[in-house]
Amino acid sequence: MAQIFRNVPLDSSRKEIRILRLLPADDDDEVHTELFAASIERDIPYFEAISHAWDLKEPRKSITVNGHQFEISESIYILLKNLQYLADVASGMNFWIDSICINREDMSEKSAQVPLMKDIYTKASQVLIWLGDGDECTDRAIETTGSVNHWSEDSAWSDDLNWPVLSSMSTEDGYTADTLSTFTPVLKGVNDVFGREWFRRTWTLQEAILSPDIPQVLCGKSSLSWQC
């Protein structure tokens with residue numbers, strides 16, 4: 001068992017969960033965090049729950065948790081680095097991330113934590129949907145469109161894959177070369193975002209629905225509101 005879990009045990013009788021506090025960025029450019037336990041039924045502190053799609057084959061990166069090195073996926077590492085600048089304006093930010101807050105090697109703990117998942121996502125202040133790292137195309141798509149609801153209303157949907165596909169655009173349809181050069185990266189970005197693994201997983205969609213407030217979708221350093 002990792003040292004961080006031994007140092008922050010959970011009392012199942014109090015329905016305790018672990019919460020990760022992301023600390024402001026330091027000069028060493030590392031990700032520093034603190035892990036603490038809190039009862040989901042009693043005076044739970046303000047926290048945001050992260051919804052993401054696991055990829056066990058991802059490269060691993062290290063962060064510091066309560067002074068100890070702890071390995072996480074590269075995707076979650078990028079998320080924490082992107083969120084870290086927000087922590088600079090406060091004493092820290094609280095998050096629940098299953099891959100850090102649950103000791104999945106401890107089957108007894110895992111079996112006690114899984115039934116609490118619904119409570120975790122409903123009692124979080126908000127659910128943050130993490131799609132993974134982005135690029136210039138996804139940044140432009142998010143900046144242009146504004147909300148997932150807007151995309152779903154205005155985009156053509158593939159019957160078998162259920163995500164927006166690129167429309168056929170050509171000069172023969174009256175589009176100028178300048179128009180095509182402007183919109184092609186945006187359409188490519190939209191297709192990239194909706195092709196992410198998160199949209200293929202049933203449980204991740206359920207996590208978004210449980211959010212007490214409108215979830216925020218994060219892709220790289222860009223974000224938009226999920227208007228269900």
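Arg14 has a relative accessible area of 26% and therefore counts as partly exposed, a label used here for residues that lie between buried (under 20% relative accessible area) and exposed (over 50%), judged with a 1.4 Å probe and with protein chains only. The areas themselves come from the Shrake-Rupley method with a 1.4 Å probe, and for residues only the protein chains shown count as cover. The model is a predicted one, in which local features need pLDDT of at least 70 and side-chain atom pairs count only at pLDDT 80 or more, whereas totals for chains, interfaces and linings use all residues. Residues are numbered from 1 along each chain as its sequence is written, and side-chain values use heavy atoms, with hydrogens and water left out.

## Salt bridges

The side chain of Arg14 meets that of Glu16 in a salt bridge, at 2.4 Å from N to O. The term stands for a side-chain nitrogen of Lys or Arg within 4 Å of a carboxyl oxygen of Asp or Glu, and by this rule the structure has six salt bridges. In general, side chains of opposite charge can pair when their charged atoms come close. While Arg14 is partly exposed, its partner Glu16 is buried, because its relative accessible area is 12%.

A second salt bridge joins Glu41 to Lys15, whose closest N and O atoms are 3.3 Å apart. This pair links distant parts of the chain, since Glu41 belongs to the loop between β2 (32–39) and β3 (48–52) and Lys15 to the loop between α1 (3–7) and β1 (16–22), with their positions 26 residues apart in the count. The helices (H or I, at least four residues) and strands (E, at least two) named in this report are DSSP runs, numbered from the N terminus. Glu41 has a relative accessible area of 48% and so counts as partly exposed, and Lys15, at 32%, is also partly exposed.

A further salt bridge is formed by Asp98 and Arg104, with 3.6 Å between the closest N and O atoms. Asp98 is buried because its relative accessible area is 6%, whereas Arg104, at 30%, counts as partly exposed.

## A patch of negative charge

On the surface, Glu74, Asp133, Asp135, Glu136, Asp139 and Glu143 gather in a patch of negative charge. Patches are made of residues with over 30% relative accessible area and no salt bridge, where like charges are joined within 9 Å and nonpolar side chains (Val, Leu, Ile, Met, Phe, Trp, Tyr) within 5 Å. Lys and Arg count as positive and Asp and Glu as negative, while His and the chain ends are not counted, and the place of a charge is taken as NZ of Lys, CZ of Arg, CG of Asp or CD of Glu. Helix α6 (residues 136–145) gives the most to this patch, with three residues. Glu74, for its part, is placed in helix α2 (residues 74–87) and is partly exposed, at a relative accessible area of 30%.

## Residues with positive phi

Most residues other than glycine have a negative phi, and most peptide bonds are trans. Lys15, already met as a salt-bridge partner of Glu41, has a positive phi near 55 degrees. Asn66 also has a positive phi, in this case near 50 degrees, and this residue sits in the loop between β4 (60–65) and β5 (68–73). With a relative accessible area of 29%, Asn66 is partly exposed.

## Pairs apart in sequence

The table gives C-alpha distances for some pairs of residues that are separated along the chain.

| Pair | Separation along the chain | C-alpha distance |
|---|---|---|
| Ala37 and Pro9 | 28 residues | 7.5 Å |
| Gln69 and Ile4 | 65 residues | 8.7 Å |
| Ile4 and Gly67 | 63 residues | 8.9 Å |

Ala37 lies in strand β2 and is partly exposed, with a relative accessible area of 31%. Gln69 is placed in strand β5 and counts as exposed, because its relative accessible area is 54%. Ile4, in contrast, lies in helix α1 and is buried, at 1%.

## Cysteines

The structure holds zero disulfides, a disulfide being a pair of cysteine sulfur atoms within 2.5 Å. Cys101 is buried, with a relative accessible area of 0%, and Cys219 is likewise buried, at 0%.
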